[in-house]
Structures are given as C-alpha cells and as structure tokens.
Amino acid sequence: MLNTSVLVLNRHYQPVHVTSARRAFSLLYLGVARVIEPDYRTFDFESWAALGVATDDDVVRTIGRAIKVPRVIMLQIYDRLPRSKVRFSRLNIYVRDQNTCQYCGRRLPRTALNLDHVVPRAQGGRTTWENVVCCCIECNLRKGCRTPPQAGMTLLHSPERPRWTPGFRAPGGQVAHREWLPFLGLVDASYWNTELVDEDE
C-alpha cells in the first residue's frame with residue numbers, strides 16, 4: 001500500500017510529480033504538504049488521520065488507527081514547475097498514439113508497428129510530432145512515399161505534440177487514480193505541453 005502512486009501538486013494546484021504513498025505520508029507528517037481532495041478541501045496530517053475510513057478505502061494501519069492513503073497532495077510552499085522535456089522518441093510516439101495504427105485503427109504490439117511520416121521526407125516532410133504517426137507495417141508499405149490523400153488513406157487523428165500529464169508517466173501510461181482527474185486538466189498550457197526539437201535539426 002505504501003508504494004501506490006500519489007499525485008503531487010505545487011501550491012498553484014499544478015501537477016509536478018508522482019510519488020509513493022510512503023513519501024507522501026512523510027511530507028504530510030513534516031508539514032510540507034497537505035492532502036487535497038477532488039472537491040479542493042485540504043487536510044494536514046492530523047486532520048487527515050482523524051478522518052474515518054470507508055470499507056473500500058486503501059488504508060495504512062498503525063497500532064491505534066487506520067489512515068486512508070492520500071491520492072493527491074499539495075506542497076505548501078513550492079510554486080515552481082520542474083524543468084523537463086518530453087523526449088521526441090519512438091516510444092513516446094507509440095504512447096501518444098496508444099499503439100494504434102493511425103490509418104487502419106488496429107491496436108498492435110510494438111513489434112508489429114512502425115513510424116510513418118504523414119508528409120513523406122521525399123516531399124519535404126519533417127520529423128516532428130505533427131508529422132510522424134504510429135502505423136502498422138502493412139499500412140506503411142501501402143502508403144509508401146505518398147501523402148495520405150495521394151494514397152487514398154485517411155488519418156484517424158491529426159498528429160500533435162502530446163499534452164503530457166503525470167498519468168502518462170505511470171506504468172502503462174494510464175491515470176492511476178480517478179481522484180487525479182480534476183487536477184490534470186489545469187496544465188495544458190504549462191509544463192506538460194512542452195516545445196520539442198525536430199530531430200533533423
């Protein structure tokens with residue numbers, strides 16, 4: 001239970017990190033952080049520990065009581081966003097496109113997937129988030145060195161830079177807890193929507 005994921009917000013309610021419940025309890029106990037609920041109520045360690053627990057809550061048991069495991073904590077003083085870049089890589093393109101061919105819509109294992117330049121490099125296409133998609137080998141061969149309209153194919157989604165959130169950093173690329181959702185929509189225009197460098201440059 002102490003290894004479950006906890007979303008960490010800065011004092012402006014922006015996600016900055018994902019940590020373990022063990023670390024979250026340490027930060028709460030030291031007074032560095034407060035638990036924050038989806039309705040934006042906050043709790044220090046004592047008020048959180050004094051709350052009752054429901055039968056379906058994940059809890060940590062001490063000698064005298066059971067304490068609910070927090071899902072989101074907010075740092076009381078920290079107001080910055082960490083400097084970081086989402087790497088423009090094959091793996092991150094597969095994650096963005098959910099291992100799904102952007103032409104035929106089949107979800108496949110990564111070994112059966114390839115990357116495709118929507119506008120081929122031979123026609124001036126660049127290696128950027130907005131021009132590279134995940135596709136199956138069959139569709140890649142069918143499309144060849146043509147644009148989708150030239151090949152009579154249609155993209156499922158226009159490729160974009162991902163709007164990364166801590167949920168995408170979790171194993172499997174999924175939001176770990178529903179309690180995180182109210183806090184993940186606040187960040188599209190900040191840290192998680194980072195500028196990426198064209199690998200060809």
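This passage describes the fold, the nonpolar cores and one loop residue of a predicted protein model.

Local features were considered at pLDDT of at least 70 and side-chain atom pairs only at pLDDT 80 or more, whereas totals for chains, interfaces and linings use all residues. Residues are numbered from 1 along each chain as its sequence is written, and side-chain values rest on heavy atoms, with hydrogens and water left out.

The protein contains seven helices and nine strands, taken as DSSP runs (H or I over at least four residues for helices, E over at least two for strands) and numbered from the N terminus. Of its 201 residues, 44% are buried, a term applied under 20% relative accessible area with a 1.4 Å probe and protein chains only, while exposed is over 50% and partly exposed lies in between. The exposed area of the protein is about 11400 Å², of which carbon and sulfur atoms supply 52%, as computed by the Shrake-Rupley method with a 1.4 Å probe. Among contacts (heavy atoms within 4.5 Å) between residues at least 6 apart in sequence, 62% join residues at least 24 apart.

Five strands are arranged as an open sheet of mixed pairing in the order 2-1-7-3-4, where pairing requires at least two DSSP bridges between two strands. Strand 2 (15-20) and strand 4 (42-43) form the edges, each pairing on one side only. Strands 1 and 2 run antiparallel and are joined by five bridges, with serine 5 bridging to serine 20 in strand 2. Helix 1 lies across strands 1, 2, 3, 4 and 7 and runs at about 110 degrees to strand 2; this angle, on a scale from 0 to 180 degrees, is taken between N-to-C directions of axes fitted to C-alpha atoms, for helices over the stretch in contact.

The largest nonpolar core (buried Ala, Val, Leu, Ile, Met, Phe, Trp, Tyr and Cys residues joined through side-chain atoms within 4.5 Å) has 19 residues, of which Phe25, Leu28, Ala33, Val35, Phe45, Ile67 and Ile73 touch the most other members. At least two residues of this core come from each of strand 1 (5-9), helix 1 (21-29), strand 3 (33-36), helix 2 (45-50) and strand 7 (72-75), and helix 1 gives the most, with five. Beyond its neighbours within four places in sequence, alanine 33 is in contact with Leu27, Leu28, Ile73, Met74, Leu75 and Gln76. Another core, of 13 residues including Leu113, Cys134, Cys136 and Met153, lies apart from the largest one.

Threonine 100 is placed in the loop between helix 3 (90-96) and strand 8 (113-117), and counts as buried because its relative accessibility is 14%. Residues up to four places away in sequence aside, threonine 100 touches Gly105, Arg106, Arg107, Cys134 and Leu156.
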